[in-house]
Amino acid sequence: FGHKVIFLQEGSQKSGQNLPPTRTNRNTYKFFASRSSSVTQQSLHCRPQKSPFGVPDLGHPDLIKKPLKMRSFDKFKIWVLLICLVFELGYGFYLPGSYPHKYGVGDLLNVKVNSLTSIDTELPYSYYSLPFCQPQEGVKDSAENLGELLMGDRIENSPYRFKMYTNETEIFMCQTKPLSGEEFKLLKKRIDEMYQVNLILDNLPAIRYTRKEGYFLRWTGYPVGIKVQDAYYVFNHLKFTVLVHKYEETNVARVMGTGDGAEVISTVGKDGSEEPGYMVVGFEVVPCSVQHVPDSAKNLKMYNKYPTPIKCDPTTVAMAIKENEPVSFTYEVNFVESDIKWPSRWDAYLKMEGAKVHWFSILNSLMVITFLAGIVLVIFLRTVRRDLTRYEELDKEAQAQMNEELSGWKLVVSDVFRAPSNPGLLCAMVGDGVQILGMGVVTIMFAALGFMSPASRGTLITGMLFFYMILGVAAGYVAVRLWRTIFCGDHKGWISVSWKAACFFPGIAFLILTTLNFLLWGSHSTGAIPFSLFVVLILLWFCISVPLTLVGGYLGAKAPHIEYPVRTNQIPREIPPQKYPSWLLVLGAGTLPFGTLFIELFFIMSSLWMGRVYYVFGFLLIVMILLVVVCAEVSLVLTYMHLCVEDWKWWWKSFFASGSVAIYIFLYSVNYLIFDLKSLSGPVSATLYLGYSLFMVLAIMLATGTVGFLSSFWFVHYLFSSVKLD
């Protein structure tokens, strides 16, 4: 694969000879490479033919004569070259899994429909649940991945079809049967609930522009209808605008990489004709409500021309729906050649708004981190180091005398590593936290690199599930190794701990999602997970995730446990009465991690519940790293404060010190529900929202709590390993 990339960038080769890059070669590279012109300059530094690292040409016979056993330096050079090529792939190709589709003039373009959605109810419904025109060949489902099904997407074919670069007007679709009482009520209900119709052409959602107070607003999809006074109007005429970009070159040579060189195959037809091709780079829709005369559409068939002219004016409505009266649907399409290149066609959907707000969020987080880092530095340099230096400089008699006068964390030296209450649960939660945190970091990194673009529907959810299952090994390993550390190397019960780690978070998630799914089933929503998919998820859980967690547990049982630096007394030390409840501090500590997160949280919530596309994964990755640092610092400081007041029960408190951020996120979710979503419409929608929010904050609590616990464990181990005791 890499071999082909080299030839695409450098032009054709025959028998190891370098040919000058011709116009054809440049155009080939131009087609396969990204929009950045600087890539051409950068690719010269990574080409194998003239590598600065001295690596021979990959297609050169000298490579065959090379001994199989390379020196380590040669291997290093090869690795550097491979990394360089990987970066070139990142620049030169589009990772979202979509590729340019060339259409000739007159080629058929099929429009697809997705589920009807509403920010008012958050319950998606099938497009054909309303009395719309159906395709002649019947309704067919498109192939969907696991993520699309979990998100409630149901992509189906539609009767809308165009011919490339052929403008058409007044195309008749169909005339529905007279609306029954149930259909009439359902249509009114969907209009009241502000449902949107979502159309897709060549993987691009239909976009709608509206003007408000001098600004253009972008929307995906168009509303089913509108209510004016007491009358309901349906949008029954659609004016489509398809933006197309001419194929860069009709005579582009296909360059095939082979073992010895490259073969150039011309795409010009045998008769020498060159047919221009076009790529779809934009899909816009203007919905109109037009009054059709029922009698004039009686004898018309689908795709016939409507007998009377149709004037599409989006500012007026005319087609009022009434019981026992039919509705006629028509459309028109106009093709416009655009300067938008194919790689830039998603820019209209992903125009970044509020970049300054994202930077402000990061700056705000950095200030919190700096403040906490200062406190941690003071603890380490002034308090801990000073005490340890004074303690180590004394002779044995003075140390014995000082032990009697000690106060603070030094007094709990024989109790600090005493096993916590419910150690099995703690180990399972820490293991699950490592699994969730790892899944989040890896998924966001791949998304930031462009592998999980919004152009590929469902890949984000599918990727999260995949990484979560694979990281079951890490969950089992951490849970069992922590279990063995708590019990000083005793591996008895490691299988039970592995099962707890494999079933704790997935079990709670399964319970929440099953309950919510019954609500969706009762509402006949496409958001309900089909029974077959339920079976698939259970099989993934018990056939992949659980075995991998048990494998990780086995590795953790074989790994050496972490030895405690001090001995633990058999009789626990009494904790002196505190001036204030220690759990109050723990709950209050969550405000600092929440302060680093809440600005970015608004954009994430808007993406989840307001139908907006979230794509600034680079910002999210930075915020996540900052969140991890803040959680570690907060938990570390609180653990030290508890030890200073002779409270040696730090295990659970260190976990919830940073994990308590989940409480504030849940409260923020309730606030968002009341003030931004206007309490949705109906108890089912609000219950779904709160259920999904509960699932989300549980995952966040486990991930952030794990960060706090592991940092506190390292701090306590480091602190007491520096104390010399008999």
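At what angle do helix α10 and helix α11 pack, and how far apart are their axes? The first close-up takes that up, and like every view here it comes from a predicted model.

**View 1. Helix α10 packs against helix α11 at an angle of about 140°.** Helix α10 covers residues 423-449, helix α11 covers residues 459-470, and their axes are 9 Å apart. Angles over 145 degrees would count as roughly antiparallel; α10 and α11 are therefore oblique to each other. As for handedness, α10 passes α11 in a right-handed crossing. On the α10 side, the contact is made by Q435, I436, M439, V442, T443, F446 and A447. Facing them from α11 are L460, G463, M464, F467 and Y468. Sorted by class, the residues of this contact of α10 with α11 come out as nine nonpolar and three polar, with no charged ones.

**View 2. Helices α13 and α14 cross at roughly 160°.** Here the partners are α13, residues 494-522, and α14, residues 531-558, and their axes come within 8 Å. That angle makes α13 roughly antiparallel to α14. The crossing of α13 and α14 is right-handed. What classes of residue make up the contact of α13 with α14? There are 18 nonpolar and six polar residues in it, and no charged ones.

**View 3. A disulfide joins C133 to C174.** The structure holds two disulfides, and in this one the S to S distance is 1.9 Å. The pair links distant parts of the chain, with the two positions 41 residues apart in the numbering: C133 sits in the loop between β4 (108-113) and α6 (146-151), while C174 belongs to strand β6 (residues 168-175). Turn to the S-S bond and you find -90° about it, which goes with a left-handed link of C133 and C174. Buried or exposed, where do these two cysteines fall? Both C133 and C174 are buried.

**View 4. C288 and C312 form a disulfide.** Their sulfur atoms are 1.7 Å apart. The torsion about the S-S bond of C288 and C312 is about 65°, so this disulfide is right-handed. C288 lies in strand β18 (residues 277-288) and C312 in the loop between β18 and β19 (328-337), so the pair ties together parts that are 24 residues apart in sequence. As for burial, C288 is buried, and so is C312.

**View 5. C488 and C631 sit in contrasting surroundings: C488 is exposed, whereas C631 is buried.** The relative accessible area of C488 is 55%. For C631 the figure is 1%.

**View 6. K163 lies in strand β5.** The strand covers residues 156-163. How much of K163 is accessible? Its relative accessible area is 41%, so K163 is partly exposed. Leaving aside residues up to four places away in sequence, K163 touches G106, D107, L108, E168 and F335. Y103 is worth picking out too: K163 and Y103 are 60 residues apart along the chain, and their C-alpha atoms are separated by 9.5 Å.

**View 7. Y165 has a positive phi, near 55°.** Most residues other than glycine have a negative phi. Where does Y165 sit? It is in the loop between β5 and β6. With a relative accessible area of 31%, Y165 is partly exposed.

**View 8. N324 also has a positive phi, in this case near 65°.** Like C312, N324 lies in the loop between β18 and β19. N324 is exposed, with a relative accessible area of 55%.

**View 9. Stepping back, the protein has 20 helices and 19 strands.** What share of the 726 residues is buried? Buried residues make up 48%. Take the contacts between residues at least 6 apart in sequence, and 82% of them join residues at least 24 apart.

Notes: Residues are numbered from 1 along each chain as its sequence is written. This is a predicted model: local features need pLDDT of at least 70, side-chain atom pairs count only at pLDDT 80 or more; totals for chains, interfaces and linings use all residues. Side-chain values use heavy atoms; hydrogens and water are left out. Axes are lines fitted to C-alpha atoms, for helices over the stretch in contact, and angles run from 0 to 180 degrees between N-to-C directions. Helices (H or I, at least four residues) and strands (E, at least two) are DSSP runs, numbered from the N terminus. Angles under 35 degrees count as roughly parallel, over 145 as roughly antiparallel, 65 to 115 as roughly perpendicular and the rest as oblique. A crossing is left-handed if the near helix is turned anticlockwise from the far one by less than a right angle, and right-handed if clockwise. Contact means heavy atoms within 4.5 Å. Ala, Val, Leu, Ile, Met, Phe, Trp, Tyr, Cys and Pro count as nonpolar, Asp, Glu, Lys and Arg as charged, and the others, Gly among them, as polar. A disulfide is a pair of cysteine sulfur atoms within 2.5 Å. Buried means under 20% relative accessible area, exposed over 50%, partly exposed in between (1.4 Å probe, protein chains only).
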